[in-house]
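Me: Please take a close look at a single part of this model. Start from the whole and work inwards, in one connected account.

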Amino acid sequence: MNDSYKNLQNLGICILVLAALAFVAYFIAPVVKPVEESFLDVSPQAMGIRFLFMGLGALVVLGICYVTREKPAWEISAQKIVYMAIGALMYGVFAWMFNGATFNIPALSQVSLRPAVVLPVFFGFTFGPAVGFMVGAGGNLIGDLFVGYVSPHWTLANGIIGLFAGLAMLFENKEQSWNVGAIIAGVGGIAAVAFFFTNPNPEFNPPPDFIRTRLSLFMGLSVLVGCGLALAVRFAFPNRPNWGEAAVWGAAGNVIGLALASVADIWVNGYTLSDTIVGQFIPTVGPNTIAVAILVPLLLAVYASVQQAEAQAES
């Protein structure tokens, strides 16, 4: 088999394993936390539509891989599988530590402050899109399961965050890489704030009390602020261009991945477009992109220092 198609096949196997784990998680989650408390719908109809949208998202991921399958960044080695496992476990544990019961953000669903989102961005940017995808998706599945919840399409969306961070590896011209990532992040930030200001009634009913809540002005602007900070990293640290590149692709992954999941909830949960953008997309993507812009450069700096220390020790 041609190596390029082997990359596509290996990614497909990873997605099948992920889907199987998500299916098994549906039977474990009610044991971890009663469905009356977690609001997990375990009916066949609910499971079916969630896995349908997970499958549609997987086709998008495989389509991106197919178009760029010749790039060595898609290779999945034994070492990269280890990185996937380590990264997913780390992301899952930290996501659980910052779950909605501890650091809750008023939102239509159980959205939490999640600085750990920088982990799939870091792993994707450093080790490739396949690693980033599995760290994001696998870690989200673990983190959700710890609190008795499963959401296949949001799991895949978290995978897309890591995948997009790894897409930077596909560009030989790093200037072009930053430009593409910056355009996606910038458009996402502008679109979010435009929707917020043009929406006549930015309110939603967050669980568990379902009391009508209005999105604050700061949260309404947060996606634009986060994406703006991600773009600013390049100019704040001109001698560290990889920091700026990682920041914009991390922001872009949040915009694309979580937009797909939010829109899917129109059919999955019966939300209106206004409810899902104001009550899910903005409260999730805003804090995520701010965390990416601040913490990803720190992670890359620490990683570079460790690599330098190892190189000096070997010499």
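Reply: Accessible areas here come from the Shrake-Rupley method with a 1.4 Å probe. The model is a predicted one, and by that method the chain has an accessible surface of about 14,000 Å², with 69% of it belonging to carbon and sulfur atoms.

The chain holds eleven helices and four strands. Its radius of gyration is 19 Å, close to the 20 Å that the globule rule gives for 315 residues, so the chain is as compact as a globular protein of that length. The C-alpha trace spans about 60 × 40 × 35 Å along its principal axes. Of contacts between residues at least 6 apart in sequence, 78% join residues at least 24 apart. As for charge, the mean positions of the 12 positive and 16 negative charges lie 5 Å apart.

Burial leads to the part chosen here. Across the chain, 51% of the 315 residues count as buried, buried meaning under 20% relative accessible area. Helix α5, residues 118–127, is mostly covered, with ten of its ten residues buried. Its buried residues begin with V118, L119, P120 and V121. They continue through F122, F123, G124 and F125 to T126 and F127.

What do the buried residues of α5 pack against? Their partners are the helices α4 (78–97), α6 (129–146), α7 (152–166), α10 (241–268) and α11 (273–314). After α5 comes G128, with a positive phi near 115 degrees.

Methods
Residues are numbered from 1 along each chain as its sequence is written. This is a predicted model: local features need pLDDT of at least 70, side-chain atom pairs count only at pLDDT 80 or more; totals for chains, interfaces and linings use all residues. Side-chain values use heavy atoms; hydrogens and water are left out. Helices (H or I, at least four residues) and strands (E, at least two) are DSSP runs, numbered from the N terminus. The radius of gyration is taken over C-alpha atoms; the globule rule is 2.2 Å times the number of residues to the power 0.38. Buried means under 20% relative accessible area, exposed over 50%, partly exposed in between (1.4 Å probe, protein chains only). Contact means heavy atoms within 4.5 Å. Lys and Arg count as positive and Asp and Glu as negative; His and the chain ends are not counted. The place of a charge is taken as NZ of Lys, CZ of Arg, CG of Asp or CD of Glu.
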